[in-house]
Amino acid sequence: MKVRTWTVYELNSYINRLFKSEPIIQNILLEGEISNCKIHRSGHVYFSLKDERAKVNAVMFQSDVEDTSVFEEGNHVLCRASVNLYEKEGSYNLIVRSVDYRGKGSLYPQYLELKEKLASEGLFDAKHKKKLPLLPKRVGVVTSNTGAVISDIVNVMRNRFAKGDILLYPARVQGSGAAQELIEGIEFFNREAQVDVIIVGRGGGSYEELFCFNDENLARSIFHSQIPIVSAVGHETDVTISDFVADLRASTPSMAAELVFPSKDELYFRLEQIKTSIIQDMKNRLDDRQNRLNLQLEKLYSLDPLFRLETYRQKNDHLFAQLTQIFYRKHNMRRSVLELTGKNLLDLNPFAILERGYGLVRSEEKLITSISQVKREDLLNIILSDGSIRVRVVDTEAKEAFF
């Protein structure tokens with residue numbers, strides 16, 4: 001019997017016709033939890049329907065969508081759908097006609113409950129986060145040995161640093177038993193291998209494929225690790241428990257490698273910064289020491305006996321100049337007072353008055369100041385500036401007679 005050769009397209013078209021000819025799967029009621037929901041700008045809703053063991057991709061076209069709130073992550077729903085094969089990709093999905101809300105599912109509430117529990121115990125606190133070494137010599141990676149994670153990390157290391165060893169501990173990263181194998185890898189590196197950093201993670205995946213990274217025992221193993229751990233689960237929107245408890249979170253394994261291995265350019269830049277900082281620090285220290293030395297020299301010079309003697313001499317000269325100035329000022333002031341007093345005395349000297357044409361009249365006993373002191377025939381002496389005249393009183397005349 002001759003075997004026919006098929007094309008891939010023919011195979012996918014044939015299987016799609018089989019799906020559409022089977023009435024059971026063209027009007028099926030399917031129960032599960034909403035996951036990875038995305039509402040397209042066209043109004044179509046793309047999501048996954050999952051339970052604890054499996055998932056299936058689904059789409060609900062805009063014409064059938066009545067309420068988008070039912071598509072919240074973790075909602076338990078009942079969908080009426082038909083099974084369809086996307087021939088171009090060879091993958092099947094559900095064409096959903098209606099969605100009935102049945103309550104919250106079990107996985108997402110479990111996640112929230114565990115997150116709240118570990119947060120209350122302090123497993124997410126920043127004070128417990130360990131710093132990554134600047135130049136790790138050996139890096140341990142706990143991930144699948146069949147995925148692209150390990151090759152991505154190696155390529156990033158070679159491009160950025162090209163120095164260092166990477167040790168792989170192969171472990172499943174999804175499904176039953178995956179969390180335990182991840183724990184064993186962390187414990188192995190803490191117990192046996194001398195590594196500086198551990199990267200734990202996988203590439204991208206659906207919510208349920210990543211659910212092993214929400215395991216409580218895995219979270220506690222990461223927390224108690226003596227070696228810094230980078231969580232590198234390849235997703236952006238959903239954050240796992242492992243991301244919260246790890247010392248550092250990376251959105252992808254490649255990003256984790258970039259965080260762990262510094263680039264050569266970055267190292268050169270850091271070295272230049274350190275060099276500049278050291279030079280500036282040494283200059284500041286030298287300037288400080290020079291200032292302190294100058295201050296001590298000034299203090300030492302101030303204690304020199306010759307300096308102190310010169311200081312006292314200058315002070316003495318200054319005081320002497322002040323004293324001399326005070327003396328001359330007082331001397332001039334006294335001289336002025338003396339001259340003024342002498343002038344006043346000269347003005348009061350009777351003989352000075354006589355020189356201006358006046359005379360003094362005296363009897364033999366006293367100075368005559370009034371006509372009442374003399375009488376006719378008395379002998380008087382008139383004293384002038386150059387001598388005296390002896391006269392006899394002929395008569396007296398009162399003052400009014402002159403005016």
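**Exercise 1. Strand pairing around β6**

Task: Find the strands that pair with β6, and state in which sense.

Solution.
- Start with β8, residues 197-202. β6 and β8 pair in the parallel sense, over 4 bridges. Two strands count as paired if DSSP finds at least two bridges between them. Helices (H or I, at least four residues) and strands (E, at least two) are DSSP runs, numbered from the N terminus.
- Fix the register on this side. Val141 stands opposite Ile199 in β8.
- Turn to β7, residues 165-170. Its run is parallel to β6, and 6 bridges join the two.
- Fix the register here too. Thr143 faces Pro170 of β7.
- Check the cover. β6 spans residues 138-143, and 5 of its 6 residues are buried. Buried means under 20% relative accessible area, exposed over 50%, and partly exposed in between (1.4 Å probe, protein chains only).

Basis for this and the later exercises: the model is predicted, local features need pLDDT of at least 70, side-chain atom pairs count only at pLDDT 80 or more, and totals for chains, interfaces and linings use all residues. Residues are numbered from 1 along each chain as its sequence is written, and side-chain values use heavy atoms, with hydrogens and water left out.

**Exercise 2. The nonpolar cores**

Task: Identify the residues that touch the most other members of the largest nonpolar core, and the elements that supply this core.

Solution.
- Apply the rule. A nonpolar core is a set of buried Ala, Val, Leu, Ile, Met, Phe, Trp, Tyr and Cys residues joined through side-chain atoms within 4.5 Å.
- Take the largest set, with 32 residues. Leu182, Ile198, Val200 and Phe213 touch the most other members.
- List the suppliers. Two or more residues each come from α2 (107-120), α4 (178-191), β8, α5 (216-224), β9 (229-233) and α6 (241-245). α4 gives the most, with 6 residues.
- Separate the other core. It lies apart, has 20 residues, and includes Val154, Phe161, Val197 and Leu267.
- Inspect Ile198. Leaving aside neighbours within four places in sequence, its contacts (heavy atoms within 4.5 Å) include Gly140, Val142, Ile186, Phe189 and Val230.

**Exercise 3. Salt bridges**

Task: Count the salt bridges. Then describe the pairs Arg4 and Glu10, Arg97 and Asp64, and Arg249 and Asp243.

Solution.
- Set the cut-off. A salt bridge is a side-chain nitrogen of Lys or Arg within 4 Å of a carboxyl oxygen of Asp or Glu. The count by this rule is 23.
- Pair one: Arg4 and Glu10 meet at 3.4 Å, N to O. Arg4 is exposed, at 52% relative accessibility. Glu10 is partly exposed, at 28%.
- Pair two: the closest N and O atoms of Arg97 and Asp64 are 3.9 Å apart. This pair links distant parts of the chain, 33 residues apart: Arg97 is in β5 (residues 91-104), Asp64 in the loop between β3 (55-60) and β4 (75-86). Arg97 is partly exposed at 44%, and Asp64 is partly exposed at 24%.
- Pair three: Arg249 and Asp243 meet at 3.8 Å, N to O. Arg249 is partly exposed, at 31%. Asp243 is buried, at 5%.
- Add the network. Salt bridges link Lys117, Glu121, Glu216 and Arg220.

**Exercise 4. Positive phi**

Task: Place Asn36 and Glu377 in the fold, and give their phi values.

Solution.
- Recall the background. Most residues other than glycine have a negative phi.
- Asn36 has a positive phi, near 50 degrees. Asn36 lies in β1, residues 28-39. Its relative accessible area is 27%, so Asn36 is partly exposed.
- Glu377 also has a positive phi, near 80 degrees. Glu377 sits in the loop between β11 (360-362) and β12 (379-384). At 47% relative accessibility, Glu377 is partly exposed.

**Exercise 5. Confidence and the annotated span**

Task: Locate the elements of lowest and highest confidence, then characterise residues 6-99.

Solution.
- Use pLDDT, the predictor's confidence in each residue, from 0 to 100. The protein averages 87, and 96% of the residues score at least 70.
- Compare elements. Helix α10 (residues 350-355) is lowest, at a mean of 74, and α5 is highest, at 94.
- Read the record. UniProt, in an unreviewed entry, lists residues 6-99 as "domain: OB-fold nucleic acid binding". Its positions follow the numbering used here, feature names are shortened, and annotations may be inferred rather than shown by experiment.
- Describe the span. Residues 6-99 are 15% helix and 48% strand, and the end C-alpha atoms lie 38 Å apart.
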